[in-house]
Amino acid sequence: MVFTNLPRDLESEILSRVPARSLQKLKPTCKRWYTLFKDPEFLKKHVGRAEREVLSLIGFSVYSVSVNLSGIHSSVDPPIEMTGMFNSLKDSANVKILEICECNGLLLCTTNDSRLVVWNPYTGETRWIPYKSSTHYEMYHKFVLGYDNSNKSCYSYKILRCYHGLIDFGAVFEIYEFNSDSWRSFYDNSPNCSLESKGVTLKGNTYWFTSDTEGRQFILMFNFTTEKFGRLSLPYQSGGYVDDVVETGVLSAVREEKLALLYERFDELTDSSEMKIWVTNTKIDEAKDLSWSDFLVVDFCKYMVTRMTNVLSFLVDEEKKMVVFCDTDQNMTRFYIVGEDIYKEVYNDITEGSFSYWPRLVSYAPSLVQIQQGKVNPGGKRKR
């Protein structure tokens, strides 16, 4: 039933709080709502309020994941369950996905045949991005999705191409703009670092855990509005390389508001390992630099864990003070739940792939956000 007696602004405010699945059912019932649900300003408001769900990239496919932390000790209801595989990308059969980057319910996917596609898994809409590598180091090219924040009413999406090895002073990067349907190069002399983790996009900007040539670690941010890189502080002092010690770091988004950092340190001489997780104190768009609070310390000695867990992605539940993370070893994908008094493997399976494409957990907001279409066919070439 249409809210005929409500002011349009109030009607929009109410509907912006309704889950995407319900909006999809309401869409054909009213012409006014059909128009509203396609309005960029309404969609921007809606996706900012959407309840987060969990997706996982395993064995070249994307799955929806049910996470029930309350059932961690239950033998009936599993805490982690693959509830279904998203249908294959339309317009192209048998696509194998190697990498994903989430932004506002959209996934930027890199395929095994070196193509790029932006995909809304909820609506099934896709847009294939024209791209052809000009170097022989194609496998080291990494792509992240973000947006320009200067337009307050709608999102102006962009894709950044960067290099997963050492980024020298004076590096050249590439930006793809959805509005112009074209790539362009730009120069930036600030990074001078190596990307140590997958990029995480939050509020339109992308963040990486990185290290410089001396092994000193920091967070690198790319601002899609200014198209500039910047360095942000870690919650600990990084002194550089230490003999026989391996340090890793991974970033994650918390409710599309904060960043979380999972840091792991492994001493090869003593076979001892420690894991620490921090969460930023304020929303990511409210601070020029980052301030952190301790969230969780995992005592591996207590749980007799004597190996490096190689965490590639993780999710934080602030309320239950737990973390879900995944790793892989010899094609075996594992999911773990850790907390103040728990360290438990809750899922394992043999998966296709190699160590270069480890499983990925992603916090995802189902949305009706539409992908602005360009004149591109599924093969990644411009139509004539």
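## Arg334 and its partner in the sheet

In this predicted model, Arg334 counts as buried, with a relative accessibility of 17%. The cut-off for a buried residue is under 20% relative accessible area, and partly exposed residues lie between that value and 50%. Glu345, at 35% relative accessibility, therefore falls in the partly exposed class. The side chains of these two residues, Glu345 and Arg334, meet in a salt bridge, with a distance of 3.8 Å from N to O. Arg334 belongs to strand S24 (residues 332-339) and Glu345 to strand S25 (residues 342-350), so the salt bridge ties together parts that are 11 residues apart in sequence.

Strands S24 and S25 are also joined through the backbone pattern of the sheet: they run antiparallel and are connected by eight bridges. One of the residue pairs is formed by Gly339 and Ile342, the latter being the bridge partner in S25.

## The four-stranded sheet

Strands S24 and S25 are part of an open sheet of four strands, arranged in the order S22-S23-S24-S25 with antiparallel pairing. Strands S22 and S25 form the edges, each of them pairing on one side only. From one strand to the next, the twist averages 20°.

## Salt bridges between helices H1 and H4

The structure holds 22 salt bridges. Among them is the contact between Glu13 and Lys45, whose closest N and O atoms are 3.5 Å apart. Glu13 lies in helix H1 (residues 8-15) and Lys45 in helix H4 (residues 40-49), and this pair links distant parts of the chain, 32 residues apart. Glu13 also meets the side chain of Arg49 in a salt bridge, at 2.7 Å from N to O. This pair likewise links distant parts of the chain, with Arg49 in helix H4 and Glu13 in helix H1, 36 residues apart.

How accessible are the residues of these two pairs? Glu13 is partly exposed, with a relative accessible area of 24%. Lys45 is partly exposed as well, with a relative accessible area of 30%, and Arg49 counts as partly exposed at 34% relative accessibility.

## A network of charged residues

Salt bridges can also be followed through a group of residues elsewhere in the sequence. Asp148, Lys158, Glu177, Arg184 and Glu227 are linked in a network of such contacts.

## Internal cavities

The structure holds four cavities of 30 Å³ or more. The largest cavity has a volume of about 210 Å³. Its lining consists of 19 residues, and those nearest the centre are Val200, Ala253, Arg360, Leu361 and Val362. By class, the lining of the largest cavity comprises 10 nonpolar, five polar and four charged residues.

Which elements give two or more residues to the lining of the largest cavity? They are strand S4 (97-103), strand S14 (200-202), strand S18 (245-254), strand S22 (313-317) and strand S26 (360-364). Strand S22 thus appears in two parts of this report: it contributes to the cavity lining, and it is an edge strand of the open sheet described above.

Terms used
Residues are numbered from 1 along each chain as its sequence is written. This is a predicted model: local features need pLDDT of at least 70, side-chain atom pairs count only at pLDDT 80 or more; totals for chains, interfaces and linings use all residues. Side-chain values use heavy atoms; hydrogens and water are left out. On a 1 Å grid over the protein atoms alone, a cavity is a set of points where a 1.4 Å probe fits but cannot get out, and a pocket is an open set with protein on both sides within 12 Å along at least five of seven lines; lining residues have an atom within 4 Å of a point. Grid points are joined across faces, edges and corners, and a volume is the space filled by probe spheres set on the points. Ala, Val, Leu, Ile, Met, Phe, Trp, Tyr, Cys and Pro count as nonpolar, Asp, Glu, Lys and Arg as charged, and the others, Gly among them, as polar. A salt bridge is a side-chain nitrogen of Lys or Arg within 4 Å of a carboxyl oxygen of Asp or Glu. Buried means under 20% relative accessible area, exposed over 50%, partly exposed in between (1.4 Å probe, protein chains only). Two strands pair if DSSP finds at least two bridges between them. Axes are lines fitted to C-alpha atoms, for helices over the stretch in contact, and angles run from 0 to 180 degrees between N-to-C directions.
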